[in-house]
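Work through the exercises below with the sequence and the model open. Each task is followed by a solution in steps.

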Amino acid sequence: MRLLSLLGPTIATIYLCLLWGCETANYAPPLTTEMTRTKRHVDQTKLERGRTLFVHRCIECHTLPPIWKYSREDWPKIVNDMSHRASLKPADREAVIAYILAVRAKER
């Protein structure tokens, strides 16, 4: 019984670390009004659609890539290359790219 009480916090700590690690690897920042105020004004509905598609379609095949892992110039090519696998229509592809670029503009 005493061994279990000692292992309990250790197991809980490991579980929380694993859970937190997965959460950060699959993080897609929520929309803010600041994201719509970039050099190229993007409508909030398009950004919401882009985030939804990014989260739900990309995760079907792999974990979400950290948005900051690739440059602004790389993302359109990456999304275009993956759009066939994700069954993205051109408007959906544009929405995903717009969301990613809006997040990148906010970060830097």
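A nonpolar core is a set of buried Ala, Val, Leu, Ile, Met, Phe, Trp, Tyr and Cys residues joined through side-chain atoms within 4.5 Å. Buried means under 20% relative accessible area, exposed over 50%, and partly exposed in between, with a 1.4 Å probe and protein chains only. The model is predicted: local features need pLDDT of at least 70, side-chain atom pairs count only at pLDDT 80 or more, and totals for chains, interfaces and linings use all residues. Residues are numbered from 1 along each chain as its sequence is written, and side-chain values use heavy atoms, with hydrogens and water left out.

**Exercise 1. Confidence**

Task: find which element of the protein chain has the lowest mean pLDDT and which the highest.

Solution.
- Step 1. pLDDT is the predictor's confidence in each residue, from 0 to 100. For the protein chain the mean is 79, and 71% of the residues reach 70 or more.
- Step 2. Elements are DSSP runs numbered from the N terminus: helices are H or I with at least four residues, strands E with at least two. Helix α1 (residues 2-25) has the lowest mean, 49, and α4 the highest, 96.
- Step 3. Residues 15-25 have pLDDT below 50, and this stretch has one contact (heavy atoms within 4.5 Å) beyond near neighbours in sequence.

**Exercise 2. The core**

Task: state how many residues the largest nonpolar core has and where its largest share comes from.

Solution.
- Step 1. The core has 21 residues; L47, F54, I67, V79, V96, Y99 and I100 have the most contacts inside it.
- Step 2. At least two core residues come from each of α3, α4 (74-82) and α5. The largest share, eight residues, is supplied by α5.
- Step 3. I100 is in contact with F54, I67, W75 and V79, leaving aside neighbours within four places in sequence.
- Step 4. As background, nonpolar side chains tend to be buried together in soluble globular proteins.

**Exercise 3. Aromatic rings**

Task: describe the geometry of the pairs F54 and Y99, and Y70 and W75.

Solution.
- Step 1. Rings of Phe, Tyr and Trp (its six-membered ring) pair if their centres lie within 6.5 Å; planes under 30 degrees apart are stacked, over 60 edge-to-face, and the rest tilted. The structure holds three such pairs.
- Step 2. F54 and Y99 are tilted, with 6.0 Å centre to centre and 45° between the planes. F54 is in helix α3 and Y99 in helix α5, so the pair ties together parts 45 residues apart in sequence.
- Step 3. F54 counts as buried because its relative accessibility is 1%; Y99, at 0%, is also buried.
- Step 4. Y70 and W75 are edge-to-face, with 5.4 Å between centres and 90° between planes. Y70 is partly exposed at 28%, whereas W75 is buried at 2%.
- Step 5. F54, Y70, W75 and Y99 form one aromatic cluster.

**Exercise 4. Charged residues in α5**

Task: decide whether D92 is buried or exposed, and do likewise for R104.

Solution.
- Step 1. D92 is found in helix α5 (residues 90-107), as is R104.
- Step 2. D92 has a relative accessible area of 11%, so D92 is buried. R104, at 8%, is buried too.
- Step 3. The side chains of D92 and R49 are joined by a polar contact of 3.3 Å. Such a contact is a pair of N or O atoms within 3.5 Å; within protein, one must be able to donate a hydrogen and the other to accept it, and residues adjacent in sequence count only if both atoms are side-chain atoms.
- Step 4. Not counting residues up to four places away in sequence, R104 touches I67, W68, Y70, S71, R72 and W75.
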